[in-house]
Amino acid sequence: MPDSTRLRTLLTVLRPHRRTMLLGLVLGLAANAAGLATPMVTKWVLDSFSGGLDLARPVAVLAGLVVIGAAIGLWQWILMGTLAEQIVLDARTSIIRRYFQARVLDLQRRPTGELVTRVTSDTGLLHAASGSLIGLINAGVGLIGTLILMGVLDLTLLGCTLGAVIVVGALMSRLLPRIGVAQTAAQESVGRLGATLEGSLRAIRTVKASRAETRQGDEIIGNARDAATHSVRAARVAATVWTISWSGIQLAVMLILAVGAWRANLGLLEVSTLVAFLLYVFQLMGPISELTQNLTALQSGMAAAGRINELESIALEPAGPLPHPPAVPPSASEPASTSPHGGPPVPGSPPGVPHARTSPPDPTPGPPPAPTAPSMTPLGRSPVPGSRASTPFGPHAASEPPPVSPIGRGGPGSPASAAGPILVMQGVTARYGPDAAPVVRGIDLEIPRRGHTAIVGPSGAGKTTLFSLLLRFLEPETGRILLDGRPYTEWSNSDVRGRLAYVEQETPVLPGTIADNLRFTHPDATDDEVRAVLSAVRLEGIDPALGATDVSGGQRQRIALARALLRTPDVLLLDEATAQVDGLTEAAVQDCIRERAAVGAVVTIAHRLSTVLDADRIIVLEDGRIRAQGTHADLYSSDDLYRRLVEALRIAADDTSYV
Ligand SMILES: Nc1ncnc2c1ncn2[C@@H]1O[C@H](COP(=O)(O)OP(=O)(O)OP(=O)(O)O)[C@@H](O)[C@H]1O
């Protein structure tokens, strides 16, 4: 990335704070002016002293200048320090928001550790850079002011000084850009270090079981060494720049002292003028070192801003909740009166408790908004994430009544069962990248409102991809997906996901307690609801205050299921764990699926024979296409691949005789 682009990115970061920066600049210039006046006033004091004049006024002015200069300097320091922290916080906030608004697959393409480093480490470099522009202006003004006042005092001595400044400046301008290059390389190594360390720590059990601690440690230490090498290079360049500038100043001081003493001896210069001039020479070190420091900080800040700005390439999900989806003319398969939105209370619910979503249909349907990613200024304040409360179907919609039961709503025979499928895929083809081959092709699929649909297929057949499409982690390239008879494009992500519950295959638990995990989707869930779902997954004895990571793999799977079951989703998407589970867990999961399937839709990616046998209908996926679908009995007699898959599951089940 060219320096000009990096600088522009950095300026974009600083722009919201221009007022504070302007105040900082004014204060800096005022402190500078006080500093510039000091040698002149010192000369006044010396001249008054040697001339036998009244000393009171010049001494009072000198003291006043020192005190005022110090006070202004202190104010500016605190102001700029606070600003720097604010800028770092803004950048962190913006990146964190961006991560959580990003498309899942885009985010997952990058190593997690590197993403973390950008928030923790790169943003830190903005700290010093934030004040660097002001510092540069101040230092520049200080330098020019000092040189002018030096010229007022003695032009010959100024000539000597300028000669030294030009030599030092020329050397610095060649060396400074190297600091930025070395800094960028160092930060990139830190990013790689974070990525490998995070990945290895996550797989620490595998690392240890493979006796790969030393090998893995060495690889990560290699990244740490790289970071150190680049940082040392940056430090060397910085040290060289510093040494050259300081040595240059020292040489200049000696030269000026010698020339000044010679001219004073010839009677061409007053001693008080030489003293004032030397004071300016010493003061010159201030602006010059400030220039060096600020240019270094600016280079680092530009490097960091450039790296942070790369995050712009992470695509965002479509903007938050869309306006109310337009009413869809009732289709043959879905009578409008039985739409779950705005439909009548579901018989089977306790009396007086309406259907869980009773938002009246919007009489003024809006056009389907285009799902465009919100544009975001680089590092600027991130777009406000879509407010769930504003969606009529959001989980916390004002009209949402208390949950009927933590597990199970409605009941067999509800009119919803007479309605059309809840989810439909029509000719869906999808791929993971523009150049990648399609991983699912021409999928036509209907998920009924009730019952258990199991998806089976060989590894890589596209089962998880189907879930990614349903959850809108991936958009179809062609074809469409409908929820309640309306295309996904007319719903916001939040609306779609609010209707689905998803249990990942690896059943990750989130930081916090079991109760925190259970309330993750619905933070307002009551203790009774939490207890009810725990009992549904046969974990009634467990303490919800326990850390969610302090439980067994099987318990973790049941916690993940319980989280999905709290407040009964319309569709439960369960990517069954492939890891071995204990009999109790399997039975608990099985019972929950059965219970849910009686009142709602359950879709499983089935990895267990018992799950497949339990399903009302089975979809056989092969190489991205639906190969066959039907009941177990049908498929077992008619489909070769299905038979082989079932046999493989049977062998696996027989192997675990305790199941
Ligand atoms: N994030 C991704 N980026 C690129 N390709 C992917 C991604 N996820 C999956 N694929 C590819 O898509 C194809 C289908 O993968 P998918 O995970 O849907 O299969 P699956 O049937 O769920 O397999 P398994 O049973 O092994 O989990 C595979 O060829 C896989 O390599």
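These exercises, each with a worked solution, concern a predicted model.

**Exercise 1.** Work out whether the end-to-end distance of helix H1 (residues 3-14) agrees or disagrees with the span expected from its 12 residues.

*Solution.* Begin with the rise of 1.5 Å a residue, from which the 12 residues of H1 should span 16 Å. Then turn to the model, where the end C-alpha atoms of H1 are 16 Å apart, which agrees with the expected span.

**Exercise 2.** Find which residues of H1 are buried, and state what covers them.

*Solution.* The buried residues in H1 are Arg6, Thr9, Leu10, Val13 and Leu14. Because they cover an arc of only 140 degrees around the axis, they lie on the same side of H1. An α-helix has 3.6 residues a turn, so residues three or four places apart point the same way. The cover over the buried residues of H1 includes helix H2 (18-50), helix H3 (56-101), helix H5 (112-130), helix H6 (132-153) and helix H10 (271-309).

**Exercise 3.** Describe the order of the strands in the six-stranded sheet, and explain which strands stand at its edges.

*Solution.* The sheet is open, with mixed pairing, and its strands follow the order E6-E7-E8-E3-E9-E10. Strand E6 (500-503) and strand E10 (625-630) each have a single partner strand, so they stand at the edges, and one side of each is left without a neighbour in the sheet. From one strand to the next, the twist averages 20 degrees. Within the sheet, strand E3 (residues 451-456) and strand E8 (residues 601-605) run parallel and are joined by five bridges, and isoleucine 455 has isoleucine 605 in E8 as its bridge partner.

Technical notes. Residues are numbered from 1 along each chain as its sequence is written. This is a predicted model: local features need pLDDT of at least 70, side-chain atom pairs count only at pLDDT 80 or more; totals for chains, interfaces and linings use all residues. Helices (H or I, at least four residues) and strands (E, at least two) are DSSP runs, numbered from the N terminus. The expected span of a helix is 1.5 Å times one less than its number of residues. A residue is buried if 20 or more other C-beta atoms lie within 10 Å of its own, exposed if 12 or fewer, and partly exposed in between; C-beta atoms are placed from the backbone. The arc is that of the directions from the helix axis to the C-beta atoms. Two residues are in contact if their C-beta atoms, placed from the backbone, lie within 7 Å. Two strands pair if DSSP finds at least two bridges between them. Axes are lines fitted to C-alpha atoms, for helices over the stretch in contact, and angles run from 0 to 180 degrees between N-to-C directions.
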